[in-house]
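Work through the following exercises with the sequence and the coordinates open side by side. Each task is followed by a solution that proceeds step by step.

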Amino acid sequence: MAWWRRKMFEQIEALEREIGEAFEEFFYERPMWDIKTGRIKPLTYVTEAEDKIVVTADLPFVRKENIKLNVSEDTLEIEAAMERCVRFERWGTVQRSCEFKSFHRIIKLPSEVVPEEAKAKFKCGILTIDLPKKVKGYKIEIE
């Protein structure tokens, strides 16, 4: 096969990939992965109680030492390197192989929190973060 034909097929495959990513992004919001950086978003669950927000994240293949948390008053950033890479031979609408090395997600919190008082636990691949809410007012008892 002539080099120009091979080049043409490579360009068609690249275009096919871009169209597949655009469709995934359009129909399913932002994709939960970034193949270029090898990052995937962890599954998370956010619950809000009267006094705190609890965020739970599923982080398989991760060690406690490799988790980085960055909390501000209204966002939580979770970053965790995997112990070993996870490789999929067929991934996405355009079947291709990909490899993930880490988890990364920035979560917009439903209320303002006190970052200095946040606490986190990691057990069996599940990360739980307690974020106390910022107190906006105090109740005054009348004597």
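## Exercise 1: a hairpin and its turn

Strand 8 (residues 119-123) and strand 9 (residues 126-132) run antiparallel and are joined by five bridges; the model in which they are found is a predicted one.

Task: establish which residue of strand 9 stands opposite Ala 120, and how many of the five residues of strand 8 are buried.

Solution. Begin with the register of the pair, where Ala 120 is found opposite Ile 129 of strand 9. Then turn to the connection, in which two residues lie between the strands and Cys 124 takes a positive phi near 55 degrees. Finally, consider the covering of strand 8, which is hardly covered, since the count of buried residues among its five is zero.

## Exercise 2: the surroundings of Arg 87

Task: locate Arg 87 among the strands, decide whether Arg 87 is buried, partly exposed or exposed, and list its contacts beyond four places in sequence.

Solution. Arg 87 belongs to strand 6, which covers residues 75-91. Its relative accessibility is 47%, and because buried requires a value under 20% and exposed one over 50%, Arg 87 counts as partly exposed. Once neighbours within four places in sequence are left aside, the contacts of Arg 87 are Ser 97, Cys 98 and Glu 99. For Glu 99, which lies 12 residues away along the chain, the C-alpha separation from Arg 87 is 4.3 Å. The side chain of Arg 87 also makes a polar contact, at 3.1 Å, with the side chain of Glu 89.

## Exercise 3: two cysteines

Task: determine whether Cys 98 is buried or exposed, do the corresponding classification for Cys 124, and state how many disulfides a search of the whole structure finds.

Solution. Cys 98 has a relative accessible area of 4% and is therefore buried, whereas Cys 124, with a relative accessible area of 75%, is therefore exposed. The search of the whole structure returns zero disulfides.

## Exercise 4: the largest nonpolar core

Task: name the members of the largest nonpolar core that touch the most other members, and find which strand supplies the largest share.

Solution. The core has 21 residues, of which Val 55, Leu 59, Leu 76, Ile 78, Leu 109 and Leu 131 touch the most other members. At least two core residues come from each of strand 4 (52-58), strand 5 (62-71), strand 6, strand 7 (96-108) and strand 9. The largest share, five residues, is supplied by strand 6. As a closer look at one member, Ile 78 touches, beyond four places in sequence, residues including Ala 57, Leu 69, Phe 103, Leu 127 and Ile 129.

Terms used. Residues are numbered from 1 along each chain as its sequence is written. This is a predicted model: local features need pLDDT of at least 70, side-chain atom pairs count only at pLDDT 80 or more; totals for chains, interfaces and linings use all residues. Side-chain values use heavy atoms; hydrogens and water are left out. Helices (H or I, at least four residues) and strands (E, at least two) are DSSP runs, numbered from the N terminus. Buried means under 20% relative accessible area, exposed over 50%, partly exposed in between (1.4 Å probe, protein chains only). Contact means heavy atoms within 4.5 Å. A polar contact is a pair of N or O atoms within 3.5 Å; within protein, one must be able to donate a hydrogen and the other to accept it, and residues adjacent in sequence count only if both atoms are side-chain atoms. Two strands pair if DSSP finds at least two bridges between them. A nonpolar core is a set of buried Ala, Val, Leu, Ile, Met, Phe, Trp, Tyr and Cys residues joined through side-chain atoms within 4.5 Å. A disulfide is a pair of cysteine sulfur atoms within 2.5 Å.
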